[in-house]
Amino acid sequence: MEDKVKLLILYASQTGNASDAAERLGREAERRGCPITVLSIDEFDYSSLPYKETIIFVVSTTGQGDTPDSMKAFWMFLLQRSLDQHWLNGVHYAVFGLGDSSYQKYNFVAKKLDKRLSDLGATPVIERGLGDDQHPSGYEGALDPWMSSLWNILYQKNPKLFPNGPDFVISDMNLVDQPKIQITYHDVDGVHTNCATTTDLKSMEMQIESARSMYPGKFSHEKNRPDCFLKMIKNYPLCKGGCGRDVRHFEFESLLFSIEYEVGDVLEVLPGQSPDAVNAFIRRCDLNPESYISVQPSDRENHLIDGSKHVSVVPVKLKTFVELTMDVASASPKRYFFEVMSFFANAEHEKERLQYFASTEGRDDLYQYNQKERRTVLEVLEDFPSVKMPFEWLVQLVPPLKTRAFSISSSLSAHPNQVHLTVSVVSWTTPFKRKRAGLCSSWLAGLDPQERVYIPAWFNKGCLPPPSPSLPLILIGPGTGCAPFRGIVEERALQSKSISTAPILFFFGCRNEESDFLYKEFWFSHVENGGVLSEEKGGGFYVAFSRDQPQKVYVQHKIREQSAFVWDLLCEGAAVYVAGSSNKMPGDVLSAFEEIISKESGVPRESAVKWLRALEKAGRYYVEAWS
């Protein structure tokens, strides 16, 4: 019966936002006297779903409408045919989604989860909430009003959840002094004995696995140990100097282990942080960088987590832990960070400012100060010098250092034991004219191939499956979207030497022919002399230079110009691969295909839309887009 009056909050997060939103829901429920359990979906026993009275789901949508990794098994479980329409009778649920309305399949995961739960007999207690990254306040712009309505509706349905009503809030101080993790400090000599016999790479691997395994729920435990360590062997710019853009070609080779990947796969890299920033953070927080620590869930959290999912960890140096897990000088802290800071501020004016930032009234001002300016944890702490936060709270609240994913731009067959990347070095100026740079791209760009820097890396499947040699391809990849297609063209060129291969039609786009025509020589080498992009082989290569004439020309315009060619390839069974910016490009390209299908086949536009949906379901239309 205990579970019957406990509110269960399940989240599925890819980048951490859904986890943060779920934890915020949990805190707000606890402040109203409601007992709660907050779990990642992959830590929940799916078969117990029918026995829960009320469940709140907080789920993000990744890529082009994909479920987060932690939710994939749960979603497959829900799709079982053996589950009938009465399986969840008596279960009440609410769904809050996190998405980005600039993507075509905005909040797709939340929408399909809501429908599936309803189809299985569960009853929604409130209309699903949809958080949007494009909102001036981010997802919180939708979460705040949705959460307020949720508490009132839940109280009407089951007053036992809120013994004193949904508007009664327990003093924050009663909750804020209980961090969810505890830190143990270890004897230095014992730790040194354990590490004395390991090689540099093995020691680094152990440190990464241990440090990242200590964060319950923050990282996928299967991914704590790197697949390999890479050494950079080439680093050169692809754009003309002074054009305002910096796109790099990186080449890496594996150290110790042979690597395995296919064209279309993705490489994840754990970036290095600035040593100066890490040292400044440690000094600001008055920490001992030489201490050896281990981090575990606190006693009150331990009973919520399946112990079988935890890995045995060895203590690591505090400075190493910060370097490998805590993003102190790139990511902006969340709203709750400011709330907790307010309890540890000794100066009254700082305390008041922090309390205002953490309030609903101060939400928009916090967004301007924090997210818009991309203030880092270190900068925020320096702006409020009287705050003395315990390390336990810092570990819990500083954003985790995330791996960065890049489309692989090489074929392993063409470059044994190597992997290549095509990376735009990110930099921008904030509204208050502060210079900002992407952590991973600028770190990679600053590496010297002559120096021996070990780069922890993981290989993962992307959204673009490796095509068989007999599959005709229509590729659309403006800018760095060309990266996966460089590998595909390399591989097909090798295959064509021994077997007959299907044609490739490739549409590339950039601003100017002279400044940012990425891999120009490479593409033309495969257009000429009967290469895989040549007309002789049934293929083609078309480039849209958007700024080389008064009227802007984009890839969708070039696709329309080749309407008959595109339609012929589609009729021959071609697959369409689209890669690049998630902004407007994927939608504009889709619209161009709808127009071509309607025009060339003589069917109404609605029929062309259905035709394309069928193409997608058949595994012949893929999109890999990023923001």
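1. Arg363 is found in helix H13, which covers residues 363-371; helices are DSSP runs of H or I with at least four residues, strands are runs of E with at least two, and both are numbered from the N terminus. The model is predicted, so local features need pLDDT of at least 70 and side-chain atom pairs count only at pLDDT 80 or more, while totals for chains, interfaces and linings use all residues. Residues are numbered from 1 along each chain as its sequence is written, and side-chain values use heavy atoms, with hydrogens and water left out.

2. Arg363 is buried, with a relative accessible area of 16% (buried means under 20%, exposed over 50%, and partly exposed in between, with a 1.4 Å probe and protein chains only). Leaving aside neighbours within four places in sequence, Arg363 is in contact with Ser137, Glu140, Gly141, Asp144, Arg335 and Phe357 (contact means heavy atoms within 4.5 Å). Glu140 lies 223 residues from Arg363 along the chain, yet their C-alpha atoms are separated by 8.6 Å.

3. Helix H1 spans residues 17-31, and its end C-alpha atoms are 21 Å apart, which agrees with the 21 Å expected for 15 residues at 1.5 Å a residue (the expected span is 1.5 Å times one less than the number of residues). H1 is mostly covered, as twelve of its 15 residues are buried. Among them are Ala18, Arg24, Leu25 and Glu28. Just after H1, Gly33 takes a positive phi of about 80°.

4. Helix H21, residues 585-601, has 17 residues; its expected span is 24 Å, and its end C-alpha atoms are 24 Å apart, which agrees. Its buried residues include Met585, Val589, Phe593 and Ile597. The buried residues of H21 pack against several elements, including strand S18 (473-476), helix H19 (555-561) and helix H22 (605-617). Just after H21, Gly602 takes a positive phi of about 75°.

5. The protein chain as a whole contains 22 helices and 22 strands. Of its 627 residues, 54% count as buried. Among contacts between residues at least 6 apart in sequence, 79% join residues at least 24 apart.

6. What radius of gyration does the protein chain have? The value is 26 Å, which agrees with the figure near 25 Å for a compact globule of 627 residues (the radius is taken over C-alpha atoms, and the globule rule is 2.2 Å times the number of residues to the power 0.38). The C-alpha atoms fill a box of roughly 75 × 60 × 50 Å, taken along the principal axes.
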